Amino acid sequence: MSPKRTMLTFLIGAICGGAMALLVLGEGSVPLIASGLALLSAGIALALARLLTIRARDTNAAQLQAEMAVEIRHRARTDTVTGLANREGFEVAIGQWFDDGEQDGTFLFWLDLHRFTEVNDTLGHQIGDKVLHEMAERLRKRAPYDAILARFGSDEFLVGVRLAGKNEAEALAGAISADLATPMRISGHRIESGAAIGIAELGDKTSSLEDLMQQADLALFHAKSGARHHICFFNKAMSRNLVRRKEIEAELRAAIQKDELSIYFQPIIELESGKIRAFEALVRWFHPEKGELIPEEFIPVAEETGLIITLGNWITRQAARTCATWPDHINLAVNLSPVQIRAPGAALGILEALKEAKLDPSRLELEVTENLFIEGTSDTARFMDELAGEGVRFALDDFGTGYSSLHYINRYPFRTIKVDRSFVSGPNNGRRSDAIIRAVAEMGATLGLEIVAEGLETAEQVANVRRAGCTLGQGYFFSRAVPDHLAAKLLVEEEAGDSAKRRAS
Ligand code: C2E
Ligand code: MG
Ligand code: MG
């Protein structure tokens, strides 16, 4: 029986009992009624006490329920591995800034860790989780106290932060980048990672959180794909590029079918003798309406969509066939994208192209950039070792634009380093870049590597890099990339010049 009902029963019982006693027994019943009333008060007290306990219990339960709801909501918005917010938590927290009208000066940093998949795959998830936890700690330490930190997906982090301006954002991104790139030791393993960072700023045109996130994501995409920068601010051209990329993708698929692509060859010259040592194969796209499209516009699209695998195989096959028509001492250099290397059967595809063209593997040099080592190294090592075992050579392309880590040169079977043209003919070259070229050339000489200076446009630059110790050179000074029949002509002319010299001597 409920306490209310118990009390009521006592009350009604007592009144009825009292009234009946008075009626039946008259005044002599007063002591009896008094004891009845005492009994009644005791009953009421008991019922009241029960009522109060239950009320208290109810209040506790309600409080507990409310606390649990808060805890459940907190858990639903928290990433269990790092303790940072998850996507939902991030959106709620930053949405609050917007709701409160405190969003001015908001910057959004979108980070993607380098090589995380590789750590997870090779060292296991437990270590992977520890890496994420450590990265989160570093972010916590670096970010301002009121920043909103979150982890998205497997290895992406978001930082929502209010800053005084772009300079401050740049400084913070630089500091975060350096913090995350510092090697860590976890369970006895030395792990080197780092992150690409895309940044968007809330501006007049960015009205919503959704826009801001889209812009940061786009900026991250650029930060990841650019060989040269790992921190990238959003700019409006990026959205235009996105539309353009979609167009290019569709057209590129058709272009491969319609044979609108060609391979051009640019000579690589031995600086000592001035003779052609090799040709680098460079793809060209002649669009029927848009004219010539440069590789830097369509290669990234091909990489992103996986089209590069088909395209790359075609380039290697065609270029190998052309090289087979040149004298035996003239080699071929072909650029390879990381995506191509990671495709199943990549090494086999290249060996088959060589076999089909009847070209000795030692005449092929594959050019790769340091980007290749950012995402994963186990497949890369296997690929390179397999081909190097067959005699194929490797060149590290655009050296000086990425991490320029000497570790890669030491670890992988490189035979050549190509110093990026920004050191040779770029706007910032000068004494510092001369010193860098000299240092790289010296290292090349010690390790028995060939050093190619890219982008030579003037006789003075040629003399400079030669003096600095580069063994090979490439650039407009010698020749632009030319179609195969003109490459053949260059070889014939060189041969004719040689025989003329031989006759004269
Ligand atoms: P890269 O491999 O570093 O190629 C050298 C680029 O520098 C070529 O641009 C070449 O035309 C250009 N170049 C050569 N000499 C000079 C010079 O004296 N001055 C200046 N300013 N530029 C010079 P291109 O052909 O536009 O290729 C750009 C990049 O696109 C290449 O850089 C390479 O990373 C990529 N690429 C080109 N063809 C292929 C290909 O067949 N496959 C892949 N995966 N990537 C390719
Ligand atoms: Mg190259
Ligand atoms: Mg290059």
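**Close-up 1. Accessibility of Asn335 and Glu367 in the predicted model.** Asn335 has a relative accessibility of 28% and therefore counts as partly exposed, the band between under 20% for buried and over 50% for exposed. Glu367, by contrast, counts as buried because its relative accessibility is 2%.

**Close-up 2. Coordination of the magnesium ion (ligand 2).** The ion is held at 2.0 to 2.2 Å by Glu280 (OE), Asn335 (OD1), Glu367 (OE) and Asp397 (OD), and along the chain these donors are spaced as E-x54-N-x31-E-x29-D. Asn335 belongs to strand S11 (residues 331-335) and Glu367 to strand S12 (residues 364-368), so this pair ties together parts that lie 32 residues apart in sequence.

**Close-up 3. Coordination of the magnesium ion (ligand 3).** Here the donors are Asp397 (OD), Asp398 (OD) and Glu454, the last of which is listed with two OE entries, at 2.0 to 2.7 Å, and their spacing along the chain reads D-D-x55-E. Asp398, in strand S13 (residues 393-399), and Glu454, in the loop between strand S15 (450-453) and helix H17 (459-468), are 56 residues apart, and the pair thus links distant parts of the chain. Asp398 and Glu454 are both buried.

**Close-up 4. Asp397 between the two magnesium ions.** The magnesium ion (ligand 2) and the magnesium ion (ligand 3) are 3.9 Å apart in the predicted model, with Asp397 coordinating both. Asp397 takes its place beside Glu280, Asn335 and Glu367 at the magnesium ion (ligand 2), and beside Asp398 and Glu454 at the magnesium ion (ligand 3).

Technical notes
Residues are numbered from 1 along each chain as its sequence is written. Chains are lettered from A and ligands numbered from 1 in the order in which they are written. This is a predicted model: local features need pLDDT of at least 70, side-chain atom pairs count only at pLDDT 80 or more; totals for chains, interfaces and linings use all residues. Side-chain values use heavy atoms; hydrogens and water are left out. Donors are N, O and S atoms within 2.8 Å of the metal (3.2 Å for Na, K and Ca); water is not among the atoms, so sites may look incomplete. Helices (H or I, at least four residues) and strands (E, at least two) are DSSP runs, numbered from the N terminus. Buried means under 20% relative accessible area, exposed over 50%, partly exposed in between (1.4 Å probe, protein chains only).
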